[in-house]
Amino acid sequence: MADPRLAEHMPLLSGAWDEARAAAFVAAKEARWAEDGLGHWAIFAGGAYAGWGGFQKEGEDWDFGLVLKPGLFGLGPAIAREALAFARADPRIGSVTFLLPRSRARLGALARLGARAEGEVDYEGVPFRKYRLETP
């Protein structure tokens, strides 16, 4: 999370990323599991930590997010396919949303998945483009 290549596409991420902030982040994600029964997972590749991602409740929506360590970005499509297969099999998840900052210019993968644009939403004064994928 301290890498500037990640921060470039995470407009809500500000300030220094240190051990205390990482602990608070993990605690917040664990709280989502306790509240919603689902949340983000730690992702491993070849036995090593690769990043985090999964589903988080945003109002009535299940939003999907994925953050990988630089150098492992190429794993994103395979991880996303696996996560979306999980979503399709979970009766709680009727659709998945994707909230992307304006800095994300390459959106073809969402179209190939069948996600449709729903406009923009505002989080903490930052606009995000919202897409939805139905998971029948």
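These are my notebook entries on a hairpin, one aspartate and one helix.

**Entry 1: the hairpin.** A reminder to myself that I am working with a predicted model. I began with strands E1 (residues 40-45) and E2 (residues 48-58), which run antiparallel and are joined by six bridges. I looked up the partner of Phe44 and found Tyr49 of E2 opposite. Two residues lie between the strands of this hairpin, and Gly46 there has a positive phi near 60°.

**Entry 2: Asp61.** Next I went to strand E3 (residues 61-68), where Asp61 sits. Is Asp61 buried or exposed? Its relative accessible area is 15%, and buried means under 20%, so Asp61 counts as buried. I then asked which side chain Asp61 makes a polar contact with. I found Arg132, at 3.0 Å. Setting aside neighbours within four places in sequence, I listed the contacts of Asp61 as Gln56, Thr97, Lys130 and Arg132.

**Entry 3: helix H3.** I checked the span of H3 (residues 76-89) against its 14 residues: at 1.5 Å a residue I expected 20 Å, and the end C-alpha atoms are 20 Å apart, so the two agree. Which residues of H3 are buried? I noted Gly76, Ile79, Ala80, Ala83, Leu84 and Ala87. Looking down the axis of H3, I saw these buried residues fall within an arc of 130°, so they line one face of the helix. On the face turned away from that buried side I found Arg81, Glu82 and Ala89, which are exposed.

Last, I looked up what covers the buried residues of H3. The cover includes E1, E2 and E3, along with strand E4 (95-101), helix H4 (108-113) and strand E6 (126-134).

Notes
Residues are numbered from 1 along each chain as its sequence is written. This is a predicted model: local features need pLDDT of at least 70, side-chain atom pairs count only at pLDDT 80 or more; totals for chains, interfaces and linings use all residues. Side-chain values use heavy atoms; hydrogens and water are left out. Two strands pair if DSSP finds at least two bridges between them. Helices (H or I, at least four residues) and strands (E, at least two) are DSSP runs, numbered from the N terminus. Buried means under 20% relative accessible area, exposed over 50%, partly exposed in between (1.4 Å probe, protein chains only). A polar contact is a pair of N or O atoms within 3.5 Å; within protein, one must be able to donate a hydrogen and the other to accept it, and residues adjacent in sequence count only if both atoms are side-chain atoms. Contact means heavy atoms within 4.5 Å. The expected span of a helix is 1.5 Å times one less than its number of residues. The arc is that of the directions from the helix axis to the C-beta atoms.
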